[in-house]
Amino acid sequence: MNAIEVVNATKIYRRFGHKRQFATLKSALLRGSLIRDLKPDETFTAIRDVSFTVPAGRTLGVIGRNGSGKSTMLKLVAGITKPTHGSVRVNGRISALIELGAGFHPEISGRENVFINGIMLGLSKREVARRFDEIVDFAELKDFIDAPVKTYSSGMYMRLGFAVAIHVDPDVLLVDEVLAVGDEGFTHKCLDKFAEFKRRGKTILLVTHALPMVERFCDEALWLDHGEKKGLGDPKRIVGAYITDVEVSEEAQLAASDARVQESTVAVSPDEPASAVLPDHPVETAAAPSNMFQAAEGRWGSREVEIVEVTLSSGGGDRGHVFHSGDPLDIRIRLRAPLPIEDFVVGLGLFNAEGVCCYGTNTNLEDYTSQRLQGDAEVTFTIASLDLVEGTYKVDVAVHRLDGYPYDYHRLLYTFRVKSRTKDVGIYRPPHEWRFSEGIKLTRASGGA
Amino acid sequence: MLRNLARLGRYRGLIQSLVARELKARYRGSVLGFFWSFFNPLLLLLVYSFVFTYVMTSRNDVRIEPYALFMFCGILPWTWFSSSLIESSGVLISGGNLIKKVLFPAEILPIVTVLANMIHYFFGLVILAGFLIWYQRPLNVSELALFPIVVLVQLVLTTAFALILSALTVHFRDIRDILSNLLTFWFFATPIIYPYFFFNDPSNPDKVVWQATLLKLNPFTHLAVTYQEILFFNGPVGHLKWLLVLGVISIGFFLFAYWVFDRLRDTFAEEV
């Protein structure tokens with residue numbers, strides 16, 4: 001038997017009254033638009049033609065980016081809103097953990113609120129009374145249950161809401177990103193409760209951004225994108241596809257910001273002869289900062305040597321901005337020197353999002369002595385294995401004289417992102433392995449990196 | 001629509017506990033919570049008693065002595081009516097959390113408002129009963145038996161107004177402001193601080209005064225007059241037939257109001 005059946009559901013939200021926040025009766029009467037103002041004049045499709053079924057006793061995880069229609073889907077299943085087209089059928093009692101404690105009244109005590117909330121969620125008064133102690137225990141609020149709810153902290157409030165909702169004993173439990181309600185201990189208790197639900201053959205619909213939880217916990221995953229079903233099936237496969245998709249769009253975003261940098265680079269580099277460039281050439285974005293390790297992004301230098309373009313790519317492939325930990329990385333720097341230059345150093349640095357320099361080097365430090373640079377040239381810096389932890393990184397690229405006089409300095413203008421299946425921390429991942437002796441045994445999930 | 005209406009029956013328990021919660025919350029706010037909620041009608045009562053007994057004495061009439069008691073009979077149900085309307089006009093907006101996050105028929109909110117105010121009115125009746133005993137007013141038991149009918153008619157009428165106002169206020173937020181002004185007019189257009197027979201003398205039925213025609217068009221006139229006839233005046237409840245007409249109209253109006261509410265229901269979760 002199916003617990004949830006959604007057939008070709010479409011939800012079109014209607015917006016009323018463009019150009020004004022609220023209609024007023026006064027203006028409606030004055031303009032004679034009473035009936036017209038009650039009609040929507042703009043629509044927004046939150047869910048487009050989505051179908052899926054959840055057999056009783058299964059757990060479905062719904063994933064997708066912000067604004068992809070996940071919460072709307074949940075509201076449709078909960079019956080809070082009706083689909084514009086199509087149908088939604090749910091067999092059995094539903095409890096929706098959408099907003100915890102939504103019905104609490106601040107002036108009255110926790111005890112009375114438990115009763116009213118329980119009744120609101122579909123229990124009878126007697127059923128609430130029978131579960132009351134269990135609810136209070138679960139919420140860890142024994143000492144405060146007779147105090148008015150307005151005196152509760154937000155954590156207490158949420159815990160009580162969660163406790164009531166979960167003790168409604170639903171056949172179908174709908175959960176919307178509500179696990180962040182308590183301390184570690186409470187979160188574990190919630191997860192245990194979910195596991196117990198699963199064991200007892202209840203159906204769970206889980207909307208979350210916590211992808212590992214979907215992989216571990218759900219029997220199936222539904223991926224929504226802009227209100228459309230993009231995938232449904234094995235959680236590992238769907239989550240993988242989703243992560244890849246997110247990377248692609250992050251790539252596009254970084255490429256766009258990169259394009260802006262390139263554009264401005266072009267805009268500020270007039271094709272003038274180098275002889276006209278004075279040592280104190282007015283800089284476009286920033287003066288050379290006094291403290292090199294705290295500088296904001298920018299570009300400065302005399303332009304006797306110019307950095308025309310910087311591209312990042314992985315293993316000789318196309319230009320990219322999102323790389324995986326352990327991938328090779330090429331940083332290609334195209335230089336142009338209108339007049340021959342003999343004293344130059346090419347350097348670069350990698351910074352993480354906090355501005356910590358993860359690595360920095362230049363040709364001089366690595367014992368190269370400059371001989372000559374003229375016309376167009378290209379320098380490639382290859383990292384065989386990008387052993388960085390997950391995060392966003394920025395690149396400094398510079399050409400300067402041995403004494404530090406800058407020809408062209410690009411400060412934190414290039415961004416790339418490192419993705420990793422392993423959520424390790426720090427700024428650097430040394431190549432490593434684990435070895436275990438006899439007497440210690442561990443198993444490893446196949447999905448691990 | 002009818003199915004939704006029938007569904008309301010299943011929510012009896014919820015309505016009950018919400019009404020209880022509403023009253024508790026109201027009386028818990030302050031030590032004198034219960035007293036404060038009657039402060040406004042009592043103040044009105046004092047002011048009008050003073051004005052009509054000592055200032056504008058020209059229209060004094062022995063038939064409405066003691067005047068304070070006469071006025072109290074009308075002001076109590078009016079308070080029920082007017083505060084129900086004012087409160088219910090904002091109830092869907094303030095209860096937006098419930099409509100958006102909990103599976104919950106929205107009409108419960110205005111209904112709870114009306115019922116909570118009704119219970120409140122019943123508390124007021126206790127005070128009124130105290131006054132009646134104090135003045136040793138004779139009460140006719142057969143007239144008192146009609147009392148539940150008046151209350152019922154008023155309940156249907158008030159609920160109808162509450163439904164339609166709460167639904168429309170979601171779309172037109174200024175209804176609340178307009179309403180409070182309108183209710184002030186309405187109060188004076190209702191025979192509460194003056195008796196109905198000023199304009200409609202039963203001893204002289206041929207003399208039709210235009211004010212009487214206007215008063216008859218005001219639905220609350222019939223409620224107020226019936227209340228006064230039952231609780232205050234001696235003699236038969238002559239206004240009963242008007243009350244029954246109003247009852248039928250109220251039921252029709254209630255169905256219309258529920259229909260409007262039902263039509264707009266799906267817009268609430270998106271608009272509040």
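Trainee: How much accessible surface does chain A have, and what share of it belongs to carbon and sulfur atoms?

Mentor: In this predicted model, the accessible surface of chain A is about 22,800 Å², with 53% on carbon and sulfur atoms. Accessible areas come from the Shrake-Rupley method with a 1.4 Å probe, and for residues only the protein chains shown count as cover. Totals for chains and interfaces use all residues, whereas side-chain atom pairs count only at pLDDT 80 or more. Residues are numbered from 1 along each chain, and chains are lettered from A.

Trainee: What makes a residue of chain A buried, and what percentage qualifies?

Mentor: Buried means under 20% relative accessible area (1.4 Å probe, protein chains only). Of the 449 residues in chain A, 46% meet that cut-off.

Trainee: How many residues of each chain count as being in the contact?

Mentor: Contact means heavy atoms within 4.5 Å. By that rule, 33 residues come from chain A and 29 residues from chain B.

Trainee: What is the buried area between chain B and chain A?

Mentor: Buried area is the accessible area (1.4 Å probe) that two parts lose on being put together, summed over both. For chain B and chain A this is about 2,800 Å², 65% of it on carbon and sulfur atoms.

Trainee: How many salt bridges does the rule find across the interface?

Mentor: A salt bridge needs a side-chain nitrogen of Lys or Arg within 4 Å of a carboxyl oxygen of Asp or Glu. The rule finds zero between chain B and chain A, so no pair across this interface is called a salt bridge.

Conventions
This is a predicted model: local features need pLDDT of at least 70, side-chain atom pairs count only at pLDDT 80 or more; totals for chains, interfaces and linings use all residues. Side-chain values use heavy atoms; hydrogens and water are left out. Buried means under 20% relative accessible area, exposed over 50%, partly exposed in between (1.4 Å probe, protein chains only).
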